[in-house]
Amino acid sequence: MEMITSLQNAKVKRWASYQKKKDRDKDGRFLVEGEHLIEEAKRAGILETVITDDETYACYDNMVLVTLAIMKKLSQNVSSVHLIGVCRKMKQADIKGSRILILDGIQDPGNLGTLIRTAVSFSFDCVVISEETADLYNDKTIRSTQGAMFHIPVIRTGLIKVITSLQKEGVVCIATSLQESKTIKEIPSCERMAFVLGNEGQGVHPEIQTLCNERLRIEMHGFESLNVAVAGGIVMYSYRKD
């Protein structure tokens, strides 16, 4: 097992740089923390290196033993972790399936991660995220998915082109909106559906709402709207595949 003790080591500096999006994008690499996420990344076939400060974890190929100081430099977790994985970014997949989640400008990484995890839980086939949506490989996003991001294609692309293409293929596209919208009871489930959830403050862009086949709202009392991850959970549960 390779051992590194210097904070100035070139590998350590490169791994630490993956805390920044521009360096993750440049190298096509990102970090995961903890045994569970490392196991999920290994099963997905994208795990390259495992970094640890505890020799008792010598159960992975290509392990590197480092000092506690290096682990603290690399970790973004508030509690101590003893395993950090260096992973390759996943390849962009095709947009297909009978249940598709589309995210328009979601800003909070925790919301993004929770929505991805919920999409997997309710058997959605893929998640499409706009260019303005939070980074999939942000540490908070990764932790919020609890490994679900390794079980569903997540595609970052322009939404207008995607929605137009899906509609040509017979997919009913539905935007969540409080204006001129129908309730869940008023929009029946059908074979192929895509649901657009919008930015936490502004909602779905008006041009995307106009483009969609329907607008959907969740009936509620006392408040006008819900947290986007909560709303997404309700919508995905309501229209999950039989």
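This report walks through the nonpolar cores, a surface patch, some salt bridges and two backbone details of a predicted model.

**The nonpolar interior**

Let us start inside. The largest nonpolar core is made of 43 residues. Within this core, Leu101, Leu103, Leu115, Ile116 and Val127 are the residues with the most contacts. Several elements each give two or more residues to the core: the strands β2 (29-33), β5 (83-88), β6 (99-104), β7 (126-129) and β11 (193-198), together with the helices α3 (35-43), α5 (109-121) and α9 (228-238). Helix α9 supplies the largest share, five residues.

Leucine 115 is a good place to look more closely. Setting aside neighbours within four places in sequence, Leu115 is in contact with Leu101, Leu103, Ile106, Leu197, Val228, Ala229, Gly232 and Met236. A second core lies apart from the largest one; it has 17 residues, including Val162, Val171, Cys173 and Ala175.

**A nonpolar patch on the surface**

Nonpolar side chains also turn up on the outside. Leu226, Val230 and Ile234 form a surface patch, and their accessible area together is about 210 Å². Ile234 belongs to helix α9, the helix that also gives five residues to the largest core. With a relative accessibility of 32%, Ile234 counts as partly exposed.

**Salt bridges**

The structure contains 13 salt bridges, and three of them are set out here.

| Salt bridge | Closest N to O distance |
|---|---|
| Lys21 and Asp25 | 2.6 Å |
| Asp25 and Lys89 | 2.5 Å |
| Asp108 and Lys140 | 3.6 Å |

How far apart in helix α2 are lysine 21 and aspartate 25? They are four residues apart in this helix (residues 21-27), so about one helical turn separates them. Both partners are partly exposed: Lys21 has a relative accessible area of 41%, and Asp25 has one of 37%.

Aspartate 25 also forms a salt bridge with lysine 89. Because Asp25 lies in helix α2 and Lys89 in the loop between β5 and β6, this pair ties together parts that are 64 residues apart in sequence. Lys89 is partly exposed, with a relative accessible area of 23%. Lys21, Asp25 and Lys89 are thus linked in a network of salt bridges.

The bridge between aspartate 108 and lysine 140 connects another two regions. Asp108 sits in the loop between β6 and α5, while Lys140 is in helix α6 (residues 139-145), so the pair ties together parts that are 32 residues apart in sequence. Asp108 counts as partly exposed at 28% relative accessibility, as does Lys140 at 39%.

**Positive phi angles outside glycine**

Two loop residues are worth a visit for their backbone. Asparagine 62 is not a glycine, yet its phi is positive, at about 55°. Asn62 lies in the loop between β3 (47-52) and β4 (63-66). Is asparagine 62 buried or partly exposed? With a relative accessible area of 48%, Asn62 is partly exposed.

Glutamate 180, which is not a glycine either, has a positive phi of about 50°. Its place is in the loop between β9 (172-176) and β10 (182-183). Glu180 counts as exposed because its relative accessibility is 73%, and the cut-off for exposed is over 50%.

Conventions: Residues are numbered from 1 along each chain as its sequence is written. This is a predicted model: local features need pLDDT of at least 70, side-chain atom pairs count only at pLDDT 80 or more; totals for chains, interfaces and linings use all residues. Side-chain values use heavy atoms; hydrogens and water are left out. A nonpolar core is a set of buried Ala, Val, Leu, Ile, Met, Phe, Trp, Tyr and Cys residues joined through side-chain atoms within 4.5 Å. Buried means under 20% relative accessible area, exposed over 50%, partly exposed in between (1.4 Å probe, protein chains only). Contact means heavy atoms within 4.5 Å. Patches are made of residues with over 30% relative accessible area and no salt bridge: like charges are joined within 9 Å, nonpolar side chains (Val, Leu, Ile, Met, Phe, Trp, Tyr) within 5 Å. Accessible areas come from the Shrake-Rupley method with a 1.4 Å probe; for residues, only the protein chains shown count as cover. A salt bridge is a side-chain nitrogen of Lys or Arg within 4 Å of a carboxyl oxygen of Asp or Glu.
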